[in-house]
Amino acid sequence: MPYSVKKVSGGYKVGLATGGKMSDGKKTLSKKPLSKGQAEKQKKAVEISEKKTTGKSTPKKQPAISGLSPANSAKLREHAKQHSGGMTGKHMKNMVKFMRAGDSFAKAHSKSKKLD
């Protein structure tokens with residue numbers, strides 16, 4: 001959930017960005033006001049903790065295969081899952097070679113199948 005730091009009398013508190021109540025019924029995370037720095041740290045800590053418990057981390061992108069566009073690289077990596085050896089197999093190595101030479105995915109695939 002998105003959180004925000006809000007100014008209150010005596011300092012700052014962290015609550016939901018929407019201003020509503022959290023699942024435990026509270027409007028803020030702390031009873032006493034905090035300094036602005038402490039409130040920012042609390043907000044960051046809660047967001048990190050939630051990310052760990054909900055598992056909503058962004059998947060890491062793999063780098064593009066040199067000489068190919070990121071779209072073609074992703075397409076090749078997905079296709080490699082269907083072949084033994086993955087990207088290191090003979091079929092996939094041939095496909096990369098043909099695509100670097102300028103062939104489309106379909107053309108490189110048909111050429112590579114003939115060599116298998």
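Here is a short conversation about a predicted model.

Trainee: Happy to start with the overall layout: which pattern of helices and strands does the protein follow along the sequence?

Mentor: Good place to begin. The protein has 4 helices and 2 strands. Read from the start of the sequence, the order is β-β-α-α-α-α.

Trainee: What radius of gyration does the protein have, set against a compact globule of 116 residues?

Mentor: Let's look at the outline before the number. Along the principal axes, the C-alpha atoms fill a box of roughly 75 × 25 × 20 Å. A compact globule of 116 residues would come out near 13 Å, but the radius of gyration of the protein is 25 Å.

Trainee: And what percentage of the residues count as buried?

Mentor: Start from the surface: the protein exposes about 8300 Å², with 55% of it supplied by carbon and sulfur atoms. For burial, a residue must have under 20% relative accessible area. Of the 116 residues, the share that passes is 26%.

Trainee: Which helices are included in what covers the buried residues of H3?

Mentor: Helix H3 spans residues 90-100, and its buried residues are His91, Met92, Asn94, Met95, Val96, Phe98 and Met99. An α-helix has 3.6 residues a turn, so residues three or four places apart point the same way. The cover over the buried residues of H3 includes helix H2 (70-80) and helix H4 (105-115).

Trainee: Which residue just after H3 takes a positive phi?

Mentor: Look just past the end of helix H3, where the phi angle is about 110°. The residue with that positive phi is Gly102.

Trainee: How many charged residues are in the lining of the largest pocket?

Mentor: The largest pocket holds about 160 Å³ of space. Its lining is made up of Gln62, Pro63, Ala64, Pro70, Ser73, Ala74, Arg77, Glu78 and Lys81. By class, 4 of these are nonpolar and 2 polar, and the charged residues number 3.

Trainee: Last one, on Pro33: is this residue buried, partly exposed or exposed?

Mentor: Pro33 sits in the loop between strand E2 (11-16) and helix H1 (36-54). Leaving out residues up to four places away in sequence, Pro33 touches Val8, Ser9, Gly10, Gly11, Tyr12 and Lys13. Buried would need under 20% relative accessible area and exposed over 50%. Because the relative accessible area of Pro33 is 36%, Pro33 is partly exposed.

Trainee: How far apart in space are Pro33 and Ser4?

Mentor: In sequence, Pro33 and Ser4 are 29 residues apart. Going C-alpha to C-alpha, their separation in space is 14 Å.

Note on methods
Residues are numbered from 1 along each chain as its sequence is written. This is a predicted model: local features need pLDDT of at least 70, side-chain atom pairs count only at pLDDT 80 or more; totals for chains, interfaces and linings use all residues. Side-chain values use heavy atoms; hydrogens and water are left out. Buried means under 20% relative accessible area, exposed over 50%, partly exposed in between (1.4 Å probe, protein chains only). Contact means heavy atoms within 4.5 Å. On a 1 Å grid over the protein atoms alone, a cavity is a set of points where a 1.4 Å probe fits but cannot get out, and a pocket is an open set with protein on both sides within 12 Å along at least five of seven lines; lining residues have an atom within 4 Å of a point. Grid points are joined across faces, edges and corners, and a volume is the space filled by probe spheres set on the points. Ala, Val, Leu, Ile, Met, Phe, Trp, Tyr, Cys and Pro count as nonpolar, Asp, Glu, Lys and Arg as charged, and the others, Gly among them, as polar. The radius of gyration is taken over C-alpha atoms; the globule rule is 2.2 Å times the number of residues to the power 0.38. Accessible areas come from the Shrake-Rupley method with a 1.4 Å probe; for residues, only the protein chains shown count as cover.
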